[in-house]
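Here is a short tour of some local features, meant to be read with the model open beside it. Please have your viewer ready.

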Amino acid sequence: MTRSDVTIIGAGPAGLAAAIEAARAGAKVVLVDENARPGGQLFKQIHKFFGSREHFAGTRGIDLARKLCQEAQELGVQLVLDTAAFAIYDGRIVAGTTPKGTVQIESERIILATGAMENTFSFKGWTKPGVMGAGAAQTMINLHRVLPGSRILMVGSGNVGLIVTYQLLQAGADVVAVIEALPKIGGYAVHAAKVRRAGVPILTSHTVLEAKGEPEVSSAVICQLDDFKPVAGTEREVEVDTVCLAVGLTPLAELAWMAGCQCEYLPALGGFVPVHDERMETTVKGIFVAGDVTGVEEASTAIEEGRLAGIAAAASLGLLSPDEAEERMTAAWERLAALRMGPFGEGRQAAKEQLMKVGKAG
Amino acid sequence: MSVAVDGFPSREELRRSPGYPSEERLDRGACAVIECVQEIPCNPCETVCPYGAIKVGQPITNLPRLDAELCKGCGLCLAVCPGQAIFLVDKAFAPGEALVGFPYEYVPLPAAGERVPATNRAGEVVAEGRVIRVVNSSRNDRTPVVFLAVPLEVADEVRSMERRGQKPRPGQGE
């Protein structure tokens with residue numbers, strides 16, 4: 001059995017940041033990920049990030065991924081790749097499955113940074129080849145350099161829908177339209193403006209009724225919505241070979257559930273999320289959380305939460321003085337607060353505060 | 001017409017925003033035009049401006065405020081804006097002609113001297129533009145900036161050019 005001070009599950013932005021902070025404090029860190037290389041979704045984020053200088057604003061996700069991976073490596077973080085963590089026993093043993101069999105890692109502290117999974121929704125023909133998650137399409141174009149199709153319908157105008165639309169255009173596809181069930185665009189106006197400038201219509205109060213074609217998608221039927229109900233007579237068929245669904249994400253909280261961490265249902269954070277305190281510790285002592293698993297946000301917020309969890313885990317092992325830990329965590333909380341302001345951040349900030357209040361009450 | 005429904009800011013929303021220079025300033029020469037009308041946490045434009053012409057301050061969700069008198073029209077903010085919401089407009093470029101600069105992250109890139117379809121905020125072709133230069137320095141970090149000469153009367157409309165190699169799409173501009 002492998003032994004470590006801190007085992008982190010998930011090597012995306014939250015897990016990498018947690019690993020860097022814990023290792024910098026002197027902890028022996030094991031970072032587990034089911035993929036063949038670390039970075040999580042960062043490597044497919046080829047766009048420049050928002051924020052300010054301390055949030056790496058203006059840096060592309062792919063470059064940030066390289067920087068974080070290099071930093072983790074230099075600090076001696078042990079990577080355990082191609083390993084899907086499937087269980088946590090006694091709050092201290094992580095079990096994982098690899099192509100060669102199962103592994104167990106025993107550690108003093110565990111940080112869950114498992115991220116989130118794309119949502120989908122069902123409509124007639126939604127199982128046909130050609131209907132896929134927007135994140136899947138993004139993986140295809142930006143990691144594997146394969147275009148999923150040449151004429152695409154994007155369902156959902158949140159930031160994921162808008163960013164993937166833009167990147168599909170960059171990759172050489174045509175996006176016929178972005179449709180949105182709500183009467184207004186969900187994502188940042190600047191992302192919407194980029195795809196509008198490229199001639200892509202954004203149809204609010206619209207949904208997809210059916211994906212047609214045999215065997216794969218050759219068209220889609222869309223229609224207008226009034227108060228989320230289809231308006232009769234507004235159906236029209238658009239010629240597309242791909243329908244991308246960008247309809248939100250759900251935190252991957254299964255391991256937290258299994259470990260007995262209290263979870264709370266907060267729609268603003270994407271569903272059931274593990275309750276945590278200001279040190280990112282869950283209701284199970286020694287298990288910490290960071291990133292989308294405890295509320296779907298962005299890579300930049302995930303990094304700050306990861307830093308918090310890494311610092312707190314190291315401090316709880318006596319590797320940092322309380323003053324030192326306090327100082328570093330205060331700085332991370334200030335950076336987080338800046339990212340959770342404004343009309344888009346306020347809801348998440350309020351939900352996060354609620355989550356931590358539950359943690360205290362428990 | 002509003003940014004939340006159309007996906008691009010209306011004339012009114014732009015006029016109200018603190019990043020849009022005055023007509024009088026634009027007539028005098030090259031100036032940044034900031035089309036950032038939504039409070040998101042972001043301030044690289046403030047950090048990059050060597051003349052202190054863009055202020056965001058605290059909190060970083062403030063809309064960027066342009067002091068057009070300090071702006072020298074250097075265009076550094078165009079490539080650094082993660083939202084690609086800053087443009088360069090020079091209405092004193094040539095008689096009857098304006099220069100419009102915009103970020104353009106598509107391949108193939110146009111070359112100086114080429115004539116290309118210039119598009120507005122809705123992606124509709126509104127004029128023919130003449131490519132004056134394409135800036136793609138390492139400082140731009142893979143966000144090329146294309147400068148087009150366009151008829152003066154469309155200087156406030158042109159914000160991009162048609163992507164190249166694309167097929168005509170039915171329903172475009174709806």
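## A pair of phenylalanines

Phe123(A) has a relative accessibility of 8%, so this residue counts as buried, the limit being under 20%. In this predicted model, Phe123(A) pairs with Phe121(A): the ring centres are 5.2 Å apart and the planes meet at 45°, which makes the pair tilted. Phe121(A) itself is partly exposed, at 27% relative accessible area.

## Other aromatic contacts

Across all chains, the search of the whole structure finds eight aromatic pairs. There is also an aromatic cluster with members from two chains: Tyr166(A) joins Phe102(B), Tyr104(B) and Tyr106(B). Tyr166(A) has a charged partner as well, since the charged end of Lys194(A) sits over its ring, 4.2 Å from the centre.

Chain B offers another charge over a ring. Arg159(B) lies over the face of Phe87(B), and its distance from the ring centre is 5.3 Å. If you turn from Phe87(B) to Arg25(B), 62 residues away along the chain, the C-alpha atoms are 15 Å apart. Arg25(B) belongs to helix H3 of chain B, residues 23–28, and is buried, with a relative accessible area of 6%.

## The second largest pocket

How many residues line the second largest pocket? The lining has 23 residues, and those closest to the pocket centre are Ile46(A), Asn142(A), Gln170(A), Glu105(B) and Arg142(B). The volume of this pocket is about 700 Å³.

By residue class, the lining holds 13 nonpolar, five polar and five charged residues. In chain A, helix H3 (134–142) and helix H4 (159–170) each supply at least two of the lining residues. H4(A) gives the largest share, with three residues.

## Cysteines without a bond

Over all chains, the structure holds zero disulfides. For Cys36(B), the nearest cysteine sulfur belongs to Cys81(B) and is 6.5 Å away; Cys36(B) is buried, at 16% relative accessibility.

Why is Cys74(B) not bonded to Cys49(B)? The sulfur of Cys49(B) is the closest cysteine sulfur to that of Cys74(B), but the two are 6.2 Å apart, and a disulfide needs sulfur atoms within 2.5 Å, so the gap is too far for a bond. Cys74(B) is partly exposed, with a relative accessible area of 41%.

## Backbone points to check

Most residues other than glycine have a negative phi, and most peptide bonds are trans. With that in mind, here are some places to visit.

A cis peptide bond joins Glu214(A) to Pro215(A), with omega at about -5°. Pro215(A) is in the loop between strands S12 (206–212) and S13 (219–226) of chain A. In chain B, Val107(B) and Pro108(B) are also joined by a cis peptide bond, with omega about -5°; Pro108(B) is in the loop between strand S5 (97–103) and strand S6 (115–119).

Asp82(A) has a positive phi, near 50°, and is found in the loop between strands S3 (78–80) and S4 (84–89) of chain A. This residue is partly exposed, at 38% relative accessible area. Asp227(A) also has a positive phi, near 55°, and lies in the loop between S13 and strand S14 (229–230) of chain A. Asp227(A) counts as exposed, at 59% relative accessibility.

## A buried valine

Is Val289(A) buried or exposed? Val289(A) is buried, with 0% relative accessibility. Its place is in strand S20 of chain A, residues 287–289. The C-alpha atom of Val289(A) is 6.6 Å from that of Ala309(A), a residue 20 positions away along the chain.

Note on methods: Residues numbered from 1 in each chain as written. Chains lettered and ligands numbered in written order. Predicted model: local features only at pLDDT ≥ 70, side-chain atom pairs only at ≥ 80, totals over all residues. Heavy atoms only, no water. 1 Å grid on protein atoms, 1.4 Å probe; cavity = no way out; pocket = protein on both sides within 12 Å on 5 of 7 lines; lining within 4 Å. Points joined across faces, edges and corners; volume = space filled by probe spheres on them. Helix = DSSP H or I, 4+ residues; strand = E, 2+ residues; numbered from the N terminus. Nonpolar A, V, L, I, M, F, W, Y, C, P; charged D, E, K, R; others polar. Phe/Tyr/Trp six-rings, centres within 6.5 Å; stacked < 30°, edge-to-face > 60°. Buried < 20%, exposed > 50% of the residue type's maximum accessible area, 1.4 Å probe, protein only. Lys NZ or Arg CZ within 6 Å of the ring centre and 35° of its normal.
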